[in-house]
Each structure stands twice: as structure tokens, then as C-alpha cells.
Amino acid sequence: MTEAAPPDLRQQAQRAGSLSMTGSPATRVLGVVALAAAAVMAILALWISPADAVQGDAVRLMYVHVPSIWVAYGGFALTAFASSRVLRWTRSGASMFGWMAGLLGWTRAATAGAHSDIAPRQVRHWDRVAGAAAELGVLFTALTLVTGSLWGKVTWGTYWQWDARLTTTVLLFVTYLGYLALRRLPAESRVRARRSAVMALIAVVNLPIVHYSVDWWRTLHQEASLNLEPGGDRNITGEMYWTLLFSWAVFTVVALWIGIHRYRVLRLEELADEALLEELLEARRAEDESTGRRSAEQRSSRPGEQATNR
């Protein structure tokens, strides 16, 4: 009979298998739903929804432009929330577990073991959430800027104006590009997570500035198409209104599908880095053991050589 593989080898085999894909039955269903919804959205936006009385068919860009920035807002808000969780677990995790241990009567050793096991997992989890959400935000902000430029060419006669809304949106885009670059700098995972979380909480301050820029400053950009505040007025009605709401739902589902896969990719990257580190450490241990054996053999052979010389 074939002997069972050692636990560490079985774990490496399972890890190697998990690196092959990021999909699951749930994400496949979600992907099909997103694809079908996107097809329905295209029909509604291109054929069912009417053209605007002033802008004509150019208004159909709204069904991509507006949901894109909504999704970007959500991604950056999620990045800030996840970053706050990172800071909580890296700063106050020990005191939180100490309080729980005292309340439940746990021993000091059990508390230390629980904290050392749970806290790093929570930090890595929320750090991955923050990274995936920020990438989504940057992606959809770029889509917002591109569609906005095309729309501006039709309505303003130019692709770009240093308008308050456009300028603050570009600043938001560049800030989160810097955040993603900071995440790529080499550092210990806990240190990288903390410094990235601090920057995310600073960058999120720009969100309300972008959103309310059309109210705070004189700007070429139109006011919000949908006023979600209580008692707010609608700038669009009828088929345009419902198509825009449906477009927002579609973009949210698509972003969720992309975000889940990106989160899993980040996790697999961490597993790959850990596997590579384990291989390097194992190679170093084997090299040290080999060097130690040669040194021991040389020391054991010296007394015989000295006796022969005498």
C-alpha cells in the first residue's frame, strides 16, 4: 500500500491546486447574471430610453458615466471602511482580546494564542478588501473620466475643461493611484497594511469634495442627475429615470463580480509569496545542514591526521 503523504506535503498540494483558478459556482452564477443584466441595460439605454431634447443621443452616455462614478464612490468608501478595520486590528487587537479573556475567564496562554491566530488573519483579510475595492474605484473613475470627456465634447465643444468637478475627480483618481503604488512598495505585510490604511483614510476626504463641487463652486458640470436626499428633485423622469437606476444596479453587480475575483487573486498572490518564502527557507536550512555536516566531518578527521603525523 502507498503511504499517505505527510501533512505538510498534502497542504502544499492543496495550495498548488488552489492557485489554478479563482472561480466558484456562486461567482459563475453571478457572472452570468451580470452578463444578462448588461445585455438588458444595453437594450434599454440604446433603444428603449428616448433621446434628450437638447443633447440628443449623446445623453445615452449617462447610463455608463453616472453609474461608473457611483460604483467608484462605493469602492473608495469600502476601502476606507476596510482600512479602519485594519488599523483597529493592528492597534487595539491585543487589548480587545485581553478584555474578552478577562470576561470569559480564559487563560493568558489561550488569549495569546487566539490573538496571534485571529488578528493577523483579520488584518490580511481587510487589507485585501481595501486593495481590491481601491482598484475597482480607480478602474471606474477612469471610465468616468473617459465617458465624461466624450460627453463634454458634445455638450461643451471640448474634451476637457479645468472645471471644479473635473479637477477634483482627477485629483481623486491620482490620489488612489498613489495609494495603489504605496501598496506595492516592499515591506513587511503588517507595516504595509498600516501605512496603506492611513493613506486610504486621508484620501477618502476627497469624496465629498468631488460630489458637492457642483454645489460649492461655479462649474460647467451639470448638477446631479438624481438627488437621493430626502425631498430631492429629479432632473430626469420616465424611461430615463428607470434606465439609469437599472444601469446603477448592473454596474454594482459587475463591480461585485470583479471585486470578488480580485480579492481572491490577492489572496492567491499572498499564498504564492508564502510558498516561495517557504521554499527559500527550506533551501537555506538544507544548505546550513550540509555545511554543518561537512564542518563536523572535517573536525572529526583532524585528530586522526594529527595522530598519523606524530
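This section describes the overall architecture of a predicted model and then the surroundings of His65.

The secondary structure of the protein consists of 10 helices, with zero strands. Read from one end of the sequence to the other, the elements accordingly follow the pattern α-α-α-α-α-α-α-α-α-α. Of the 310 residues in the protein, 35% are buried. The accessible surface amounts to about 18,800 Å², and carbon and sulfur atoms account for 63% of this area. With respect to the contacts between residues at least 6 apart in sequence, 76% join residues that are at least 24 apart.

At the level of a single site, His65 is located in helix α3, which spans residues 62-91. The relative accessibility of His65 is 11%; because buried denotes a value under 20%, His65 is classed as buried. When neighbours within four places in sequence are set aside, the residues in contact with His65 are Thr144, Thr147, Gly148, Trp151 and His221.

Two of these partners can be described further. For Thr147, the separation from His65 is 82 residues in sequence, whereas the C-alpha to C-alpha distance between the two residues is 5.7 Å. For Thr144, the backbone oxygen is found 3.1 Å from a polar atom of the His65 side chain. The buried residue His65 thus combines a place in helix α3 with contacts to residues including Trp151 and His221.

Note on methods:
Residues numbered from 1 in each chain as written. Predicted model: local features only at pLDDT ≥ 70, side-chain atom pairs only at ≥ 80, totals over all residues. Heavy atoms only, no water. Helix = DSSP H or I, 4+ residues; strand = E, 2+ residues; numbered from the N terminus. Buried < 20%, exposed > 50% of the residue type's maximum accessible area, 1.4 Å probe, protein only. Contact = heavy atoms within 4.5 Å. Polar contact = N/O pair within 3.5 Å; in protein donor to acceptor, adjacent residues only side chain to side chain. Areas by Shrake-Rupley, 256 points an atom, 1.4 Å probe, with all protein chains shown as cover.
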